[in-house]
Amino acid sequence: MKLLITRHGQTEDNAHGITMGQRDSPLTALGAGQAQGKVLALKKIPHKINRIYTSDLGRCVQTAKIISDAFGLQKAIPDKKLREISFGKYEGLPYNVIPQIQGGYMKVRFPSGESNEIMAARVIEKVNRIYEANKDECVLIVTHSGPIAAILASYYGKNLGSTLNDKIGNEEVIELQIDSRLMYHFRLKEK
């Protein structure tokens with residue numbers, strides 16, 4: 001399966017440094033422009049997109065709609081398993097008020113939320129289901145920076161923490177060739 005992955009365009013909360021997680025925030029004018037820019041980037045890829053999957057959160061659905069309309073594709077298939085990590089009680093607060101903890105929130109859940117490992121396993125499970133249903137096709141997934149980091153960590157066998165730190169921009173499109181199911185296990189520390 002040819003897998004194309006992209007992040008939603010910039011949102012109001014992104015622009016103001018607010019933690020979103022699974023809360024929603026509309027795209028800014030810049031974010032809508034970034035989605036249009038993705039259309040141009042995707043038109044340069046020599047593969048016909050057969051299907052679009054998206055997080056069910058509005059910022060991704062809005063980005064996916066701009067792309068699917070431009071390509072004349074069916075409406076994107078929304079799925080809550082492609083959502084960003086739940087930051088629990090920290091959603092809606094500025095990034096800088098989230099307490100730092102030893103080792104980050106890899107195994108430890110955000111209060112009333114998820115850990116990065118829980119989010120990553122959820123996302124990889126969904127990507128594997130998408131792979132099983134679309135082995136010979138080209139699929140675009142519109143999602144968030146956390147799920148993209150989880151996919152890349154699994155695909156490249158890299159440290160999940162490192163890929164989370166290398167945040168994907170709102171304008172990027174990543175192209176991968178998936179020839180087997182992705183693994184659920186993540187190396188949390190470099191050896």
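This passage describes the largest pocket and the salt bridges of a predicted model.

The largest pocket has a volume of about 740 Å³. Its lining is made up of 35 residues, among which Phe 87, Phe 110, Asn 116, Leu 164 and Lys 167 are the closest to the centre of the pocket. Three elements, namely helix H4 (116-133), helix H5 (145-156) and helix H6 (160-165), each give two or more residues to this lining, and H6 gives the most, with 4 residues. When the lining of the largest pocket is divided by residue character, 16 residues are nonpolar, 14 are polar and 5 are charged.

Side chains of opposite charge can pair when their charged atoms come close. A search of the whole structure finds 13 salt bridges, including three that are described here in turn.

In the pair formed by the side chains of Glu 125 and Lys 81, the N to O distance is 3.2 Å. Glu 125 lies in helix H4, whereas Lys 81 belongs to the loop between strand E3 (77-79) and H4, so the salt bridge ties together parts that are 44 residues apart in sequence. Both partners fall in the partly exposed class, since the relative accessible area is 23% for Glu 125 and 28% for Lys 81. This pair also belongs to a wider arrangement, in that Lys 81, Glu 125 and Arg 129 are linked in a network of salt bridges.

A further salt bridge joins Glu 117 to Lys 107, with the closest N and O atoms 3.5 Å apart. Here, too, distant parts of the chain are linked, with Glu 117 located in helix H4 and Lys 107 in the loop between E3 and H4, 10 residues apart. The two partners of this pair differ in their exposure class: Glu 117 is partly exposed, at a relative accessible area of 23%, while Lys 107 counts as exposed, at 59% relative accessibility, a value that lies over the 50% cut-off for that class.

The salt bridge between Glu 114 and Arg 122 has its closest N and O atoms 2.8 Å apart. In this case both Glu 114 and Arg 122 are buried, which means that each residue has a relative accessible area under 20%.

How values were computed. Residues numbered from 1 in each chain as written. Predicted model: local features only at pLDDT ≥ 70, side-chain atom pairs only at ≥ 80, totals over all residues. Heavy atoms only, no water. 1 Å grid on protein atoms, 1.4 Å probe; cavity = no way out; pocket = protein on both sides within 12 Å on 5 of 7 lines; lining within 4 Å. Points joined across faces, edges and corners; volume = space filled by probe spheres on them. Nonpolar A, V, L, I, M, F, W, Y, C, P; charged D, E, K, R; others polar. Salt bridge = Lys/Arg side-chain N within 4 Å of Asp/Glu carboxyl O. Buried < 20%, exposed > 50% of the residue type's maximum accessible area, 1.4 Å probe, protein only.
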